Structure formats: C-alpha cells, structure tokens
Amino acid sequence: MTITRLKALITGGTGQVGTELIRRGDCCHFDIVAPNRAEINLLNESDVYSQLNSIRPNIVVNSAAFTAVDAAETECDMAFKVNRDAVRIMANSCNLLSIPLIHISTDYVFDGTKAGSYKETDLICPIGVYGRSKEAGEAIVRELLEKHIILRTSWVYAAHGNNFVKTMLRIGKERQNLNVVNDQFGAPTFAGDIADAILSIAKKVLEHDALEFWGTYHYTAKGRTSWKDFAEVIFETASTWLPNKPYVEGIPSSQYPTAAKRPANSVLNCAKVDSELGPPRRHWREGLDEVLDELKNELR
Ligand SMILES: NC(=O)c1ccc[n+]([C@@H]2O[C@H](COP(=O)([O-])OP(=O)(O)OC[C@H]3O[C@@H](n4cnc5c(N)ncnc54)[C@H](OP(=O)(O)O)[C@@H]3O)[C@@H](O)[C@H]2O)c1
C-alpha cells in the first residue's frame, strides 16, 4: 500500500525528540498532533483512550518520559509512573484501537559491562531506577501490543532542552579547566536524527504493515566516544565563536560521584535497524555540527 498523508500522535512534544519530530512532521508525509500535558493526561486511562479514539492517528510515538537519571533515584514513584504506568495506559489504548506504537527506550537498560556493542538480544540488567523504569515500560509494550517498535537510543542532545552539549557550552564559558569522565563510552545522538529515523520507520511499517518489522531495535548515531572526548570535540568545533576554549581533563567516574550509577559501555549495535528498517543514520559529529550551528547564534 502506498500512503500519501499520515497522522502521528506524539507525546512529549516539548522534549528534545518531541520538538524535533514536530519540526519535521509537515515535510515528511506526516500530520503531527502533539498534545501537551494540559491537553492530555498520560496517567489517565480514559483521557488517553478518548483522545486517541477521537484523533485516530495512524501511529503513536511515545517520546514522553521521566529522563532525569539522577533525580529518578529519589523520585522513584514518579519515574515509574511516567516510564511504566503511562506506557501501560498508552499501549493498552493503542491495542484497543489497533494503533501501532513507536516507543523510545534507552541504553540505560544495560549494565555497561559488555566488552563490545550491545545487541537487541543481549541481557538487560539496568543499574539505576531510571533504567529499571524504562525496562518496565519496554516489557509492558511487548506484552500488550503486537504492533510496536521499541527504539533504544543513547546520549541524546539537541539545541533545546537539557543535555551535555548545552551544559558544556554553559560551564565552558566560565572556566579555563573542566574535568570530564573518560571511562564511559557511547554514541551521542542528535534528537533530530532520532526524529528523522522515527518518521522514516513509521512510514515504512505503516506502508508495509508486515509482521516481521515489529519488535525492538537499537538506533544511535554512528561512531563511539567518551564524554571527555565528546566535550573536546564540542569545544574544538565551537572554537571560532566561543569566547573561551577550556582545557578538558579526563577523570574516572569514581572521581565524579552522581546519585545514579551510569553504564561504562553504552554503545548499541545498530546492525538490525540498518538491515531491516534502514532509517537514515549519520556519524555523531555530523549531528553535532548541525546543533552547534543552531546554538552559535543563540549563544554568541
Ligand atoms: N535524554 C537522553 O539522553 C536519552 C537517552 C536515551 C534514551 N532517551 C529516551 O528518549 C526519549 C526522549 O527523550 P528526550 O531527551 O527527548 O526527553 P526530554 O527532553 O526530557 O523530554 C521529556 C518529555 O516528556 C514529557 N513528560 C515528562 N513527564 C511527563 C508527564 N508526567 N506527563 C506528560 N508528559 C511528560 C515532558 O513534558 P514537559 O516538558 O511538560 O515536562 C517532555 O516533553 C525518552 O523515552 C527517553 O527515555 C533519552
């Protein structure tokens, strides 16, 4: 079936990925409907069901989540409410109305001890509350809804929202030296690239409606780096317009205690998504160039 125009309902439209989805929707075959918190209560089953029933999207993209990894350690109830209970409500409503769901998940479902990159079939074993709450959300989607895509991604950043790139630029303005951990590895992924991938995947699964497409996939930018090397590339790339280029010192995670432990290895193997769904996927440096270009004018 060839489809010309599709309707996607997006949750978390004010977040990094949600904002990029809304930006792209109209030029990518999709009409995007993105109700905010005041317009849809994701924790209220009848509200979610009745909104889906009246909007009747072709697909739902769930990018709403409790993403504050450290805060999740003390706000465990809220993390599970948003990352598990709201997901149950959404998956249940989607199932009742036969609407497929693309649900975003995270590298933090893994413990980070594997030597190579993580495949979809590797054992999940989260080491913090955030990861456990996302693991619970994944399990519910699989249990309640056949027509689902779970897309695990990592180290998300954009020109808007709270993220490592913006934090580095902010504190880099004020300091000559920065300590950044050099023993955690992953693939920094521009939220805009995730949005492009989601829309490409959504179009493909809706056009083909083939059973073999549904399931769990890893999607990140190409390449891998450490937070320390990522910070250095940020400052190097922005050096022509930053007032100051700080020296970045690599330190072990043990010297930078945080409320939540992070996996040392967050690198996700994306071979499955490449071969089966083939969404666009760039090197992390390309996404970074785009975001820094956007930030240049704001921060100068
Ligand atoms: N950020 C990362 O580094 C990262 C890494 C791997 C995977 N992921 C996953 O990628 C997805 C998107 O992440 P992101 O970075 O775009 O998230 P984000 O910028 O933190 O945005 C989260 C979104 O969720 C919404 N939200 C949170 N609690 C809600 C509630 N109770 N009711 C309604 N909406 C609520 C927020 O709305 P308000 O603006 O109203 O608060 C916001 O729109 C998430 O599933 C996340 O787990 C993120």
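Me: In this predicted model, how do the residues of the shell around the ligand divide into nonpolar, polar and charged?

Reply: The shell is made up of ten nonpolar, twelve polar and three charged residues, and, as the model is a predicted one, every statement that follows is to be read as a description of that prediction. Of the 25 residues around the ligand, those that come nearest are Gly-12, Thr-14, Gly-15, Gln-16 and Ala-65.

Me: Which elements each supply at least two residues of that shell, and which of them gives the largest share?

Reply: Helix α1 (16-25) and strand β4 (101-106) each contribute at least two residues, and the largest share, three residues, comes from α1.

Me: Is α1 itself enclosed or open, and why?

Reply: Helix α1 is largely enclosed by the rest of the structure, because seven of its ten residues are buried. The buried residues are Gln-16, Val-17, Gly-18, Thr-19, Glu-20, Leu-21 and Gly-25, and they pack against β1, β2, β3, β4, β6 and α7 (191-208).

Me: Several of those partners are strands, so how should I read a sheet, and in what order do the strands stand here?

Reply: Strands of a sheet pair through backbone hydrogen bonds, either parallel or antiparallel. Here six strands form an open sheet in the order β2-β1-β3-β4-β5-β10, with parallel pairing; the edge strands are β2 and β10 (215-218), each of which pairs on one side only. Neighbouring strands of this sheet are turned by 25° against each other on average, with direction ignored.

Me: Where do α1 and α7 pack, and which strands do they touch?

Reply: Helix α1 packs on the sheet, where it touches β1, β2, β3 and β4, and its direction makes about 140° with that of β2. Helix α7 also packs on the sheet, touching β1, β2, β3, β4 and β5, and its direction makes about 160° with that of β5.

Me: How many bridges join β1 to β2, and which residues stand opposite each other?

Reply: Strand β1 (residues 6-11) pairs with β2 in the parallel sense over four bridges; Lys-7 stands opposite Asp-31 in β2, and Leu-9 stands opposite Val-33 in β2. Four bridges also join β1 to β3, and these two strands run parallel, with Leu-9 opposite Val-60 in β3. Strand β3 in turn pairs with β4 in the parallel sense over three bridges, and there Val-60 stands opposite Leu-101 in β4.

Me: Which side chains of β2 point to one face, and which point to the other?

Reply: In a regular strand the side chains alternate between the two faces of the sheet. Along β2 (residues 30-33), Phe-30 and Ile-32 point to one face and are buried, whereas Asp-31 and Val-33 point to the other and are not buried. In β3 both faces are covered, since Ile-59 and Val-61 on one side and Val-60 and Asn-62 on the other are all buried.

Me: Is Ser-105 buried or exposed, and what does Ser-105 touch?

Reply: Ser-105, which is found in strand β4, counts as buried because it has 24 C-beta neighbours inside 10 Å. Leaving aside residues up to four places away in sequence, Ser-105 touches Lys-134, Gly-137, Glu-138, Ile-150, Leu-151 and Arg-152.

Me: How are two packed helices described, and what are the values for α6 and α8?

Reply: Two packed helices are described by the angle between their axes and the distance between the axes. Helix α6 (residues 164-174) and helix α8 (residues 227-237) pack at an angle of about 65°, with their axes 10 Å apart, and α6 passes α8 in a right-handed crossing. In this contact Phe-164, Val-165, Met-168, Leu-169 and Gly-172 of α6 meet Trp-227, Phe-230, Ala-231, Ile-234 and Phe-235 of α8; by class, there are nine nonpolar residues, one polar residue and no charged residues.

Me: Where does Arg-56 lie, and is Arg-56 buried or exposed?

Reply: Arg-56 lies in the loop between α2 (45-55) and β3 (59-62), and it counts as exposed because it has 12 C-beta neighbours inside 10 Å. Its phi is near 45°, a positive value in a residue other than glycine. Trp-155, in the loop between β5 (148-153) and β6 (156-157), has a phi near 45°, likewise positive in a residue other than glycine, but Trp-155 counts as buried because it has 24 C-beta neighbours inside 10 Å.

Methods: Residues are numbered from 1 along each chain as its sequence is written. This is a predicted model: local features need pLDDT of at least 70, side-chain atom pairs count only at pLDDT 80 or more; totals for chains, interfaces and linings use all residues. A residue is near a molecule or strand if its C-beta atom, placed from the backbone, lies within 6 Å of it. Ala, Val, Leu, Ile, Met, Phe, Trp, Tyr, Cys and Pro count as nonpolar, Asp, Glu, Lys and Arg as charged, and the others, Gly among them, as polar. A residue is buried if 20 or more other C-beta atoms lie within 10 Å of its own, exposed if 12 or fewer, and partly exposed in between; C-beta atoms are placed from the backbone. Two residues are in contact if their C-beta atoms, placed from the backbone, lie within 7 Å. Axes are lines fitted to C-alpha atoms, for helices over the stretch in contact, and angles run from 0 to 180 degrees between N-to-C directions. A crossing is left-handed if the near helix is turned anticlockwise from the far one by less than a right angle, and right-handed if clockwise. Two strands pair if DSSP finds at least two bridges between them.
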